Amino acid sequence: MKSNPPNWSRTFNNVCLFLFAILATSSVCFSEIKTPAVIGNNMVLQQNHQNPIWGWDNPGESVTVKISEQSHKTKTDSNGYWKVTLDPMKASSSPKKMTIQGSTSLTYENILIGEVWLCSGQSNMGWALGNSDDADLEIMTANYPNLRLISVPQVGTQEAQINFNGRWETTTPEAAKNFSAVGYLFGRRLHLALGVPVGLIDNAWGGSACEAWIPRDRLNKLPVAKPFMDQWRETEKTFDYNKLLATYEEKLKKWQEKSQTARKEGKPQPGGRPRAPRNQLTGQHRPANLYNGVLNPIIGYGIKGAIWYQGESNGRRGHAYREVFPLMIQSWRDAWKQGDFSFYWVQLADFMNEVPEPPTEQTWPELREAQTLSLDKLKNVGEAVIIDVGEGRDIHPRNKQMVANRLVRNALAQDYGMDIPHKSPRFQSMETIGNKIVLTFNHVGKGLHCFDIREPVGFSIYGKDRKFVWANAKLLGQNKVEVWAEGIENPVAVRYAWADNPVCNLYRKDGSVTLPVTPFRTDNFPMITKGM
C-alpha cells in the first residue's frame, strides 16, 4: 500500500512542481524544449487514437514532432505551451523513436503502440503487488518487456499541477513489486489476452475521498456534497498546521529528553512518542486536491479507459456517493475530451462488523448500492462485485488476483468483444405469492448457483411491521429465488447481502466461472447516510 509521505516531502514536491511550472512557461528562465513525464522513453501510446503530445519551449518557437512516418509542426503560444496530435497508429511491439525539435531537441526511444489504462482510487488500488497473495510467485514471474508501468507521486494541492516526478518502465520483478497489484494483474491479463503492448498509469492514493478527485467548482454546484464542502470550508478557515507542528516539536523534545534520561539510567524507553501531525490542507481528503495534484498532470494523455477501486473513505456518505461518484467520472471524461472512455470500478468488499442479529441498518451496504446505481446513470461502465473476497479484520483484501480478474472481464467483453461472462447478476423484479416473495434476476448466465451448501443464504425479509428478520430461500429454475420466513405472513420487501460483512453464497455460474450476485434491497427505507 502506498503510505502517506512525510509532510516535508510533500512540501518539497509541491515546491519543485511549482518551480517547474514557472520555468516551463517563462521565456526568461526556460530556454529548452520539455515534455511532461508521462511523455518519454518506454511509453505506450494508445492504438487507433489521435494521441496528443505536448510540452513547453520559448514563446513563439517552432516545434516539430516526428514518429514513424509522421511529422507534425506547431508553434508555442505566449506562455511557451505547444501541442500536436498524432495520427492514429495500429498496435505494434516494434520499438519506435520520437524526435521533438524546438529551441533544442529531444529523442524518446523504445515507444510501443497498444492499450493504455489508468489505475486509480485509494489504498486497495495502490496496494503493492509485493504485499498481495502469492507475492513471491507474482514477482519472480513479472518479466514482460511490452507491459509498461508509470506511477504518479502523491501531491495534494489546490493548484493544478502540470507535471510530476516519474518515468515509464518496462515490467521487471523490481518494477512490478511496488506497483499497484490490481493494476498490474489487470494489465498483465490484457497484455496476454490481446497480444498487444499495454501501458498502465497508477495515481492511486491511500485513504483518498472521492471528493478529492473532483474539480471544486463542480462539487460546489452539487447539493448533496454541501455538508462535506461546508465542513472543509470551516477546516480551511481554522486549520493551522504551523501551530500543530510547533506543538508536536515541543512534545517531541520533552519525550527525547525523557528517553535520553532513561537510557543513561538503564531504564526502558518511555512509551507515548508523539506522532507528527498531518497537514490536512495537502492531504487526500480535501476537495479537488487529488484532481489537481495527481490527475491534472496526465489529463489528455491517450487512454483506453480507467479502473477504479475506492469507496472505503466515503463509507459513511453512501447517499451522497450516488451523485458524487458519477460526477467524478463525468468530470474526468469532460476534461480528457476523448468521449465516454471506459470506466470500471470495484464494489466494496465485505469488511468490519459481524453479521447483526437481527438484521439492522449499516453504512457500507448503502455505499455499495450507490456504486451499483451508477451502472444505470453512465455509458461504458462496469462493476466488479467482490462481496466474497474481503476479510472482516482487514480493509485490504490480499486476493488482488480475484479483484483484477473480475475487472478485466468487463474490459475484455465490453472493449475487446470477447464472449466471456463479465456481469454479476442483479435483482430485476419481485412478486409476492402468499407468504413468500419470488425474486427474478438478470445476467445469470447458465443459472444461479449456491456455493458450499445447497440453499441460498444472506437474505432477510420483513412484513407489515417493517422489521427485518433473516429469511429462508430456495432456487427456482435458473434465474429465480423464493424467499420466506416463519412468522411473516404478508411479506413486503427483501434484502440480500445487506450488511457491512455479510454471509452470502449466491452466484452466477458459467462452467468454472462464478460471479457473485450483486447485493441489493427491494425496499426504499430512508438511508442512514443521508445528509452526511
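In this predicted model, the side chain of Arg 188 makes a polar contact with the side chain of Glu 138, at 2.7 Å. Arg 188 belongs to helix 5, which spans residues 181-194. Its relative accessible area is 13%. Arg 188 is therefore buried, since the cut-off for burial is under 20%. Beyond residues up to four places away in sequence, Arg 188 touches Glu 138, Thr 141, Tyr 144 and Leu 147. Glu 138 thus appears both as a touching residue and as the partner in the polar contact.

The largest nonpolar core comprises 72 residues. Leu 45, Met 98 and Phe 343 have the most contacts inside this core. Helix 10, covering residues 318-336, gives the most to the core. Its contribution is nine residues. The surroundings of Leu 45 were examined further. Residues up to four places away in sequence are again left out. Leu 45 then touches Asn 51, Ile 53, Ile 67, Leu 86, Met 89 and Met 98, among others. Its contacts also include Ile 111, Leu 112, Ile 113, Gly 114, Val 116 and Tyr 301. Met 98 is thus touched by Leu 45 and is itself one of the residues with the most contacts inside the core. A second core is separate and holds 37 residues. Leu 149, Leu 185, Leu 200 and Leu 407 are included in this second core.

An open sheet is built from three strands in the order 16-22-23. The pairing is antiparallel. Strands of a sheet pair through backbone hydrogen bonds. Strand 16 (448-450) and strand 23 stand at the edges. Each has a single partner strand, so one side of each is left without a neighbour in the sheet. From one strand to the next, the twist averages 45 degrees.

Strand 22 covers residues 506-510 and strand 23 covers residues 513-516. Four bridges join the two strands, which run antiparallel. Asp 510 has Val 513, in strand 23, as its bridge partner. The two strands form a hairpin with two residues between them. Gly 511 lies in the turn and has a positive phi of about 65 degrees. Helix 12, residues 400-414, lies across strand 22 and strand 23. This helix runs at about 95 degrees to strand 23. Strand 23 is therefore an edge strand of the sheet that is also crossed by helix 12.

Conventions. Residues numbered from 1 in each chain as written. Predicted model: local features only at pLDDT ≥ 70, side-chain atom pairs only at ≥ 80, totals over all residues. Heavy atoms only, no water. Pairing = 2+ DSSP bridges. Buried < 20%, exposed > 50% of the residue type's maximum accessible area, 1.4 Å probe, protein only. Polar contact = N/O pair within 3.5 Å; in protein donor to acceptor, adjacent residues only side chain to side chain. Contact = heavy atoms within 4.5 Å. Core = buried A, V, L, I, M, F, W, Y, C linked by side-chain atoms within 4.5 Å. Axes fitted to C-alpha atoms, helices over the stretch in contact; angles between N-to-C directions.
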